[in-house]
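Thank you all for coming. Please take a moment to look at the model on the screen before I begin.

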Number of protein chains: 2
Amino acid sequence: MAKAKTAISPTRAEDYPEWYQQVIKAADMAENSPVRGCMVIKPWGYTLWENIQHVLDQMFKDTGHVNAYFPLFIPKSYLEKEAAHVEGFAKECAVVTHSRLVDDGNGGLKPDSPLEEPLIVRPTSETIIGEMYAKWVQSYRDLPILINQWANVVRWEMRTRLFLRTAEFLWQEGHTVHATAEEAMEETRKMLAVYADFAENYMAMPVICGEKTPGERFPGADHTFSIEAMMQDRKALQAGTSHFLGQNFSKASGIKFQSEAGNEEFAWTTSWGVSTRLIGGLIMTHADDDGLVLPPRLAPSHVVILPVMHKPETAAAVLEYCESLKKELQAQCFAGRRVEVEIDKRDMRGGEKRWSWVKKGVPLIVEAGPRDIENNAVFVARRDTGEKVGLPRAEFVATVAERLQGIQDDMLARAQAHRAENTQTIDTLEDFKAYFTPQNAERPEIHGGFAIAHWGGDAEDEDRLAKEMKVTIRNIPLEGQFGYDGEPGTCIYTGKPSTQRVIFAKSY
Amino acid sequence: MAKAKTAISPTRAEDYPEWYQQVIKAADMAENSPVRGCMVIKPWGYTLWENIQHVLDQMFKDTGHVNAYFPLFIPKSYLEKEAAHVEGFAKECAVVTHSRLVDDGNGGLKPDSPLEEPLIVRPTSETIIGEMYAKWVQSYRDLPILINQWANVVRWEMRTRLFLRTAEFLWQEGHTVHATAEEAMEETRKMLAVYADFAENYMAMPVICGEKTPGERFPGADHTFSIEAMMQDRKALQAGTSHFLGQNFSKASGIKFQSEAGNEEFAWTTSWGVSTRLIGGLIMTHADDDGLVLPPRLAPSHVVILPVMHKPETAAAVLEYCESLKKELQAQCFAGRRVEVEIDKRDMRGGEKRWSWVKKGVPLIVEAGPRDIENNAVFVARRDTGEKVGLPRAEFVATVAERLQGIQDDMLARAQAHRAENTQTIDTLEDFKAYFTPQNAERPEIHGGFAIAHWGGDAEDEDRLAKEMKVTIRNIPLEGQFGYDGEPGTCIYTGKPSTQRVIFAKSY
Ligand SMILES: [Zn+2]
Ligand SMILES: [Zn+2]
């Protein structure tokens with residue numbers, strides 16, 4: 001039996017990690033740079049990031065936040081202040097030690113002018129921002145501070161993968177200061193909910209909101225919450241985190257204020273972030289063996305029109321038809337944006353041209369040729385399902401926004417179904433082991449998916465589990481979340497008592 | 001005679017450089033960070049930058065450009081490739097030499113894991129982007145490449161001033177590749193015109209488009225063009241540059257392509273950028289002795305409403321009046337945005353509250369109290385002129401956009417008049433020296449302004465002039481620009497023949 005032809009080789013079933021790289025390459029989204037671990041985000045990938053930024057930024061502003069910008073560099077001494085933070089972040093980082101290059105005498109350059117104190121390229125900004133906040137906060141009247149920063153950060157990584165793990169990445173980091181623990185916790189959870197809203201309603205990527213176990217907390221946090229998504233290979237991706245930092249950073253940086261009652265108190269802080277990693281999650285949630293599939297609400301272009309111009313004598317009429325169709329479509333609104341339309345006039349074979357847009361994941365691909373003009377029709381293909389349909393032009397224009405929303409809804413529903421199919425409630429260690437043990441030794445990446453099971457262990461137990469089975473606790477679902485179960489039980493791994501079930505998975 | 005009270009002390013006349021710092025402080029736009037030379041851009045300053053970004057980004061897209069993102073780090077060897085570029089940029093920069101911090105045995109951290117090749121934090125990205133372009137460009141079909149990047153860059157500076165000169169700053173850098181010199185030159189000039197359009201029509205800051213002299217070119221460029229503005233102290237500010245790089249960087253990076261005729265050719269490249277320095281220019285063009293004055297088209301808020309709530313019994317009614325006024329105003333459009341309105345409900349004295357918005361430069365300050373409700377009126381003050389007027393509420397709402405545009409136009413006109421008043425055409429060295437010699441030894445910063453005079457010297461002559469009088473050639477105006485004069489003459493400094501007059505000034 002002949003294998004169906006796919007645009008991406010290998011397919012997901014053949015080699016999932018390599019398929020991922022090939023999808024990015026085929027869509028021309030990004031590539032590795034000659035600078036170790038740093039990627040170049042190409043226009044198709046960057047426009048997607050701009051759309052992500054645009055939506056999130058509005059969500060942050062709607063919840064009362066403003067943007068600001070803090071220095072790229074952090075003095076070494078700042079990283080030494082918060083003990084847990086040092087352990088977690090001060091290790092693999094880019095260290096600036098010199099402020100000049102001079103002639104090395106061999107036609108090259110060498111570092112010169114050593115700095116008195118080395119500077120670290122920010123891996124995250126709690127310490128430098130905390131230093132500023134300590135100056136800005138005097139009284140309860142100065143609170144809350146609700147600031148977000150869009151920035152690049154650097155964490156030295158040995159094994160990198162485009163979007164998922166790179167030495168330099170782009171992100172946003174929210175840093176807030178509050179007068180009370182309650183208010184800081186409310187903020188921490190509010191921003192987690194914003195991330196979940198964004199993931200589900202824009203990325204069409206269902207997520208589980210939950211708390212991380214103590215061993216997986218952000219270094220210096222009292223509580224860390226995350227959103228966790230299931231990729232098509234059934235592994236989990238942590239897509240965003242929100243941290244309740246207690247008074248740890250306010251004590252390290254000296255963020256104190258005079259309370260309404262006149263007492264001097266340390267403030268309560270939070271931080272929360274998502275990054276270009278979201279793009280990796282989007283790809284692994286929706287792309288198929290023909291390449292990228294973009295959720296319409298974030299797609300750089302919603303519709304691409306391919307003029308069919310086989311015969312020179314009809315080419316001008318076809319182009320005119322396409323141009324006026326584009327105008328009509330762009331007069332439509334979808335999810336707060338104009339419907340974005342491209343006409344691909346490149347001089348290349350029709351099949352090759354069509355596939356180039358399939359691989360880029362544009363939601364609707366429209367072909368229009370001489371016969372369509374005669375019938376005042378269009379031929380429309382949905383990228384997500386491959387479904388093709390001929391339609392009267394006016395009907396297509398009138399329904400384009402509805403069709404895009406339909407694709408968006410179906411993409412979310414499919415991702416939800418995939419997660420549901422590959423999630424199991426498990427009550428015995430035997431079943432648990434079987435679930436996470438690959439059936440095929442040659443394809444060790446194929447395993448069960450998410451397990452919902454009881455846990456009562458400590459950080460050392462978690463480490464043992466991770467070493468033994470490469471399985472970790474993704475998070476402890478919040479009430480009402482997928483997988484939430486408030487019932488007590490017995491830990492599947494240690495036999496200790498458990499207060500509720502948690503989400504286990506292999507992960508990125 | 002009593003001195004008029006001003007919100008900023010010292011005034012411009014008393015101490016211009018210190019006035020500048022105090023305006024930024026009073027408007028809460030930015031401050032120095034504890035990291036040497038790096039600033040913190042606070043929300044009021046950052047929102048202004050966001051508005052600048054938003055408008056410029058649309059202008060770049062309207063001229064066919066797309067955004068992408070390239071690595072923060074540049075391998076040292078890349079900077080060694082283009083000889084002139086090394087000289088200009090490889091000197092004062094942040095050098096990353098290590099990728100770890102480890103315990104120093106004294107409770108602190110020390111750099112570890114030296115890099116094989118040091119990395120430079122980008123001072124500008126021609127070399128790293130050129131390296132990528134060399135891979136992307138094979139054929140004339142791949143051209144042009146029209147990419148822009150929004151990024152942070154670092155140039156180690158010893159003497160820094162907020163916005164005007166900081167070690168780290170934010171900017172955009174356009175990098176384009178073309179098949180012909182003609183097309184690259186057209187791009188270089190097109191983007192200079194975009195900058196001038198932005199400066200005049202959004203910042204209300206008149207600029208002179210011109211070419212820099214050879215001695216002032218960007219390191220590695222064949223031609224550098226700039227926009228130059230006059231600040232209120234009559235000094236010039238270079239506000240943006242656009243470079244025709246010839247084949248210098250394409251040869252250094254190997255950007256070659258097969259031409260339509262089948263020959264292998266080096267491509268022609270350009271680069272162009274503006275930065276957070278624009279904010280310094282905006283302040284020094286428009287701020288007055290009471291603080292910042294924002295051009296309406298870039299203002300974070302267009303209108304601030306101050307509810308007059310002396311009497312508790314009318315407070316609720318006043319607030320309601322203000323809220324509904326805000327809604328009506330926000331339903332109005334100005335320059336492609338919603339009219340942005342804030343109501344300041346803070347519990348503080350009315351005078352203090354009012355001055356806080358004067359210092360922040362909001363174009364229109366509205367007061368509304370019980371008597372205004374009775375008359376269905378508002379009391380409106382223009383920030384730029386201080387003019388105050390009572391108006392029927394409906395009339396104010398209906399004319400708010402027109403009033404904002406009026407302020408915008410008047411601000412540009414005043415800046416143009418200031419430049420015209422302080423520009424002189426000069427034909428003798430004696431007059432030239434007198435023009436640039438401070439009249440008052442105690443106020444050496446006060447001098448003539450712009451001089452339009454003939455120049456026929458070389459780079460050494462320019463250096464001598466700069467040392468002797470602290471005066472430089474800002475640029476050679478393009479045809480049709482302020483100060484342009486196509487007539488030949490005699491160089492005011494060297495007596496050599498000159499082809500046209502140029503702009504001389506002291507500068508930032
Ligand atoms: Zn907790
Ligand atoms: Zn020239």
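I will talk about how the two chains are related, and then about the metal sites.

Please keep in mind that what you see is a predicted model. Let me begin with the pair of chains: when chain A is laid on chain B, the RMSD is 0.0 Å, and the operation that does this is a turn of 180 degrees with a shift of 0.0 Å along the axis. That is the relation of a two-fold axis. If you want to find this axis on the screen, look for V96(A), whose C-alpha is the one in chain A nearest to the axis, at 2.1 Å from it. The same surface serves both copies, since 100% of the contact residues of chain A recur in chain B.

Now to the metals, and I start with ligand 1, a zinc ion that is coordinated by two OE entries of E211(A) and by ND1 of H223(A), at 1.7 to 2.4 Å. These two residues link distant parts of the chain, for E211(A) sits in strand β9 and H223(A) in strand β10 of chain A, 12 residues apart. Is each of them buried or partly exposed? E211(A) is buried, because its relative accessible area of 19% falls under the 20% limit, whereas H223(A), with 27%, is partly exposed.

In chain B, the zinc ion called ligand 2 is coordinated by E211(B), through OE, and by H223(B), through ND1, at 1.7 to 2.5 Å. Here E211(B) belongs to strand β9, residues 208-211, and H223(B) to strand β10, residues 223-230. E211(B) is buried at 19%, while H223(B) is partly exposed at 26%.

How values were computed: Residues are numbered from 1 along each chain as its sequence is written. Chains are lettered from A and ligands numbered from 1 in the order in which they are written. This is a predicted model: local features need pLDDT of at least 70, side-chain atom pairs count only at pLDDT 80 or more; totals for chains, interfaces and linings use all residues. Side-chain values use heavy atoms; hydrogens and water are left out. Donors are N, O and S atoms within 2.8 Å of the metal (3.2 Å for Na, K and Ca); water is not among the atoms, so sites may look incomplete. Helices (H or I, at least four residues) and strands (E, at least two) are DSSP runs, numbered from the N terminus. Buried means under 20% relative accessible area, exposed over 50%, partly exposed in between (1.4 Å probe, protein chains only). Copies are superposed by least squares on the C-alpha atoms of residues with pLDDT of at least 70 in both. Contact means heavy atoms within 4.5 Å.
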